[in-house]
Amino acid sequence: MSSDLIWLLVREQSSFLVKRNGVTLTREPGNLTQLNSLKFSGLAQKKAIDISFGEGGKGAKVSTKKANVPAHKQGKSLHTFTVKKGTRGGHKSITNVLATYRPDLQKHALARLSRVNESQVSKPRVVKPAKLRGARAKKAATA
């Protein structure tokens with residue numbers, strides 16, 4: 001089936017749709033921005049890219065959809081690899097992949113990769129001192 005026909009079928013009725021506060025988003029795999037549009041749809045497009053968390057919370061898993069796989073062989077339609085090079089190396093890898101695959105999604109793919117990498121960095125916890133309430137507690141703490 002063509003991409004346009006598939007989009008006409010899934011744009012308003014899909015199990016991945018999330019409608020909140022007048023905005024329609026989608027949770028489908030292969031959608032980088034989670035916007036419900038033909039350009040970003042992982043279901044309707046023949047070429048789609050998905051960036052998610054890597055195995056064990058390290059790196060980013062990048063999946064690209066193969067364009068010429070028959071509909072009855074969906075298990076063989078994804079090519080998946082893991083990017084563990086960090087931010088700059090990962091950006092270069094994604095840029096090289098998308099240069100010939102889908103150049104129009106490059107900016108969105110780099111933004112998604114940055115978000116995945118940011119979420120994996122552990123931030124040091126700052127322990128705040130307990131806030132003292134009441135005159136007696138403040139007096140006891142100073143004494």
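Me: Why is β4 described as largely enclosed by the rest of the structure?
Reply: The model is a predicted one. In it, five of the six residues of β4 are buried, so the strand is largely enclosed by the rest of the structure. To be called buried, a residue must have a relative accessible area under 20%.

Me: What makes β3 (49-53) and β4 (60-65) a pair of strands, and in which direction do they run?
Reply: Pairing requires at least two bridges. Five bridges join β3 to β4, and the two run antiparallel; the requirement is therefore met. Within this pairing, T64 of β4 is the bridge partner of I49, and F53 stands opposite A60 in β4.

Me: How many residues lie between β3 and β4 in their hairpin, and what is the phi of G56 in the turn?
Reply: Six residues lie between the two strands of the hairpin. G56, in the turn, has a positive phi of about 70°.

Me: How do you know that β4 also pairs with β5 (residues 78-83)?
Reply: The same count of at least two bridges is needed. Six bridges join β4 to β5, again antiparallel, and the pairing therefore holds. In β5, F81 is the bridge partner of V62.

Me: Is F81 buried, exposed or partly exposed, and on what value does that rest?
Reply: The relative accessibility of F81 is 24%. Partly exposed applies from 20% to 50%, so F81 is classed as partly exposed. This residue of strand β5 touches A60, K61, V62 and V97, leaving out residues up to four places away in sequence. F81 and L9 are 72 residues apart in sequence and 30 Å apart in space, C-alpha to C-alpha.

Me: Which elements each supply at least two residues of the largest nonpolar core?
Reply: That core has 15 residues, of which L32, I49, I51, V62, I94, L98 and A109 touch the most other members. β3, β4, α2 (86-100) and α3 (106-120) each supply at least two of its residues. The most come from α3, which gives four.

Me: What does L32 contact, leaving aside its neighbours within four places in sequence?
Reply: L32 is in contact with F40, I49, D50, I51, L105, H108, A109, R112 and R115. One of these, H108, is found in helix α3. H108 in turn contacts L32, T33, K39 and F40, again leaving aside neighbours within four places in sequence.

Me: What makes H108 count as buried, exposed or partly exposed?
Reply: H108 has a relative accessible area of 22%. Buried would require a value under 20%, so H108 is partly exposed.

Me: Why is S3 given its class of accessibility?
Reply: The value for S3 is 17%. It falls under the 20% limit, so S3 counts as buried. S3 is found in helix α1 (residues 3-10) and touches L38, A44, Q45 and K46, not counting residues up to four places away in sequence.

Me: How do you know that E12 and R11 form a salt bridge?
Reply: The limit is 4 Å between a side-chain nitrogen of Lys or Arg and a carboxyl oxygen of Asp or Glu. The N to O distance here is 4.0 Å, so the pair is counted. E12 is exposed at 57% relative accessible area, whereas R11 is partly exposed at 36%.

Me: How many salt bridges are counted in total?
Reply: The count comes to two. Besides E12 and R11, the side chains of D104 and R102 meet in a salt bridge, with an N to O distance of 3.1 Å. D104 is partly exposed at 38%, and R102 counts as buried at 9%.

Me: Why is no salt bridge assigned to E28?
Reply: The nearest side chain of opposite charge, K65, is 8.3 Å away. A salt bridge requires a distance within 4 Å, so E28 has none, although E28 is buried. E28 lies in the loop between β2 (23-26) and β3.

Me: What makes the approach of E28 and S41 a polar contact?
Reply: The limit for a polar contact is 3.5 Å. The side chains of E28 and S41 are joined at 3.0 Å, which means that the distance criterion is satisfied. Not counting residues up to four places away in sequence, E28 touches F16, Q34, F40, S41, G42 and L43.

Methods:
Residues are numbered from 1 along each chain as its sequence is written. This is a predicted model: local features need pLDDT of at least 70, side-chain atom pairs count only at pLDDT 80 or more; totals for chains, interfaces and linings use all residues. Side-chain values use heavy atoms; hydrogens and water are left out. Buried means under 20% relative accessible area, exposed over 50%, partly exposed in between (1.4 Å probe, protein chains only). Lys and Arg count as positive and Asp and Glu as negative; His and the chain ends are not counted. A polar contact is a pair of N or O atoms within 3.5 Å; within protein, one must be able to donate a hydrogen and the other to accept it, and residues adjacent in sequence count only if both atoms are side-chain atoms. Contact means heavy atoms within 4.5 Å. A nonpolar core is a set of buried Ala, Val, Leu, Ile, Met, Phe, Trp, Tyr and Cys residues joined through side-chain atoms within 4.5 Å.
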